[in-house]
Amino acid sequence: MAIQENFCPKCGGKTANEGLCNKCKVESIEWLICEPRVECVICPTCGSMKRGSIWTDVTYDRQQLIEELAFAAVSVHNDLEDPELAISTRDPTPNRTHCIIYVRGQLYGLPVQKTCELKIIWKKENCDRCSRLSGGYYESTIQVRATDRKPDAYERERVEKIAYDIEESVQEAGERLSFITRVDNTRDGVDIVVSSHNIGDTISRQIVTEMGGKITRHPKLVGERDGRKLYRITILLRLPQFRKGDVVFFKKRYYEVRGTDSGLLRVFDLSEGISNVLHDGEYRLIGNIRDAESADVTYIDNDIAGILDPVSYEIKDVKAQAWLRLAAHEKVRFLRDKEEDEIILVG
Ligand SMILES: [Zn+2]
Ligand SMILES: [Zn+2]
């Protein structure tokens, strides 16, 4: 059976097609179209990018972003097979990037290649988060205080670290508008001012989980936005009266505080070497084991040990409690009870 021969109506050449030959078909269609101009809005402060009306944090680098924007502006004909794209760019000004895009592939059995040019216009606009941040926007204030005392430097530092760690994790989870507006260290404690109720609640719960204490929330209506009532919440967080590691004097004994549970004090009895639970009572605070001094054990005589006071260089006799497992010429840590003129070994 003979193959039917056709002639191309445009160039008159032989062709196996009905109508135009492949070469004329390639010439007659626009197989590469690219938008000449693409805009990209970036926040100059934090580098977030606006897509439509939504801001998102972008983590990739500038060159990757350029390629993504440029390739998205290019469309090729559906019949193009094995398309390959390449790009060269230059920045004539800080807010313009010129791109040349090279495209090649196979079209109706013929190799084809073309280039097109496009411009990326970089626009700067403060994002939703940065404009709130610079305006000092806030929805909650966490007031960290302590019961019958002031929070110490260690607690203040710890509270701030917890807050900033939470901010980091909610930002990473995509909660763009949850951030810490500012932290104020005051005489009475620490005020953490935050931009959303959610981050305020998350931070205060985490502080209580790690450090104990109680929370009370005081919402206040401050206005309306988009038909929704707007509340500011003051979260009062009271740290427990005693911190972990505090040593207290109670009914002629010394205890190390290990934790607090709704009014109960979980303690370690520093004479018996056992854990215990104490109820409310009149405790006298001696100090915290973090501030313990270190001394040499000079001798052991049955249940008496000699301790070399590192300040006065006197040797003081103390009870060598069994749980301490003291040994001569080793170190032991202690606190001083100035009121009773006692040395309290803490291990
Ligand atoms: Zn032809
Ligand atoms: Zn920003």
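This is a short walk through two zinc sites, some salt bridges and a pocket in a predicted model.

Quick housekeeping before we start. The model is predicted, so local features need pLDDT of at least 70 and side-chain atom pairs count only at pLDDT 80 or more, while totals for chains, interfaces and linings use all residues. Residues are numbered from 1 along each chain as its sequence is written, chains are lettered from A and ligands numbered from 1 in the order in which they are written, and side-chain values use heavy atoms, with hydrogens and water left out.

Okay, zinc. For ligand 1, the zinc ion has four sulfur donors at 2.3 Å: the SG atoms of Cys8, Cys11, Cys21 and Cys24. A donor here is an N, O or S atom within 2.8 Å of the metal (3.2 Å for Na, K and Ca), and since water is not among the atoms, sites may look incomplete. Along the sequence, these donor residues are spaced C-x2-C-x9-C-x2-C. The angles among the four donor atoms run from 102 to 116 degrees, and the site is tetrahedral; for four donors, that takes all angles between 85 and 135 degrees.

Are those cysteines buried or exposed? Cysteine 8 counts as buried because its relative accessibility is 4%, but cysteine 11 is partly exposed at 49%. The cut-offs are under 20% relative accessible area for buried, over 50% for exposed, and partly exposed in between, with a 1.4 Å probe and protein chains only.

On to ligand 2. This zinc ion also has its protein donors at 2.3 Å, namely the SG atoms of Cys43, Cys46, Cys127 and Cys130. Here the spacing is C-x2-C-x80-C-x2-C. So which parts of the chain does this site bring together? Cysteine 43 sits in the loop between β4 and β5, cysteine 127 in the loop between β10 and α3, and 84 residues separate them. Strands and helices are DSSP runs (E, at least two residues, for strands; H or I, at least four, for helices), numbered from the N terminus. Both cysteine 43 and cysteine 127 are buried. The site is tetrahedral again, with angles of 108 to 112 degrees.

Now salt bridges. I'm counting a side-chain nitrogen of Lys or Arg within 4 Å of a carboxyl oxygen of Asp or Glu, and that comes to 30.

Keep an eye on aspartate 152. Its bridge to arginine 243 has the closest N and O atoms 1.9 Å apart. That pair is 91 residues apart in the chain, with aspartate 152 in the loop between β11 and α4, and arginine 243 in the loop between β15 and β16. Both partners count as buried, since aspartate 152 is at 19% and arginine 243 at 14%. Aspartate 152 also meets arginine 290, at 3.5 Å from N to O. Arginine 290 is in the loop between β20 and β21, 138 residues from aspartate 152, and at 39% it counts as partly exposed.

Another one is arginine 253 with aspartate 269, at 2.8 Å, which links strand β17 to strand β18. Aspartate 269 is buried at 3%, while arginine 253 is partly exposed at 29%. There's also a network of salt bridges joining Asp57, Asp128, Arg129 and Arg176.

Last thing, the largest pocket. It is lined by 20 residues, and those nearest its centre are Lys214, Pro240, Gln241, Thr260 and Gly263. A pocket is an open set of 1 Å grid points over the protein atoms alone where a 1.4 Å probe fits, with protein on both sides within 12 Å along at least five of seven lines; lining residues have an atom within 4 Å of a point.

Technical notes
Four donors count as tetrahedral if all angles lie between 85 and 135 degrees; four count as square planar and six as octahedral if opposite donors are over 155 degrees apart and all others between 65 and 115; anything else is irregular.
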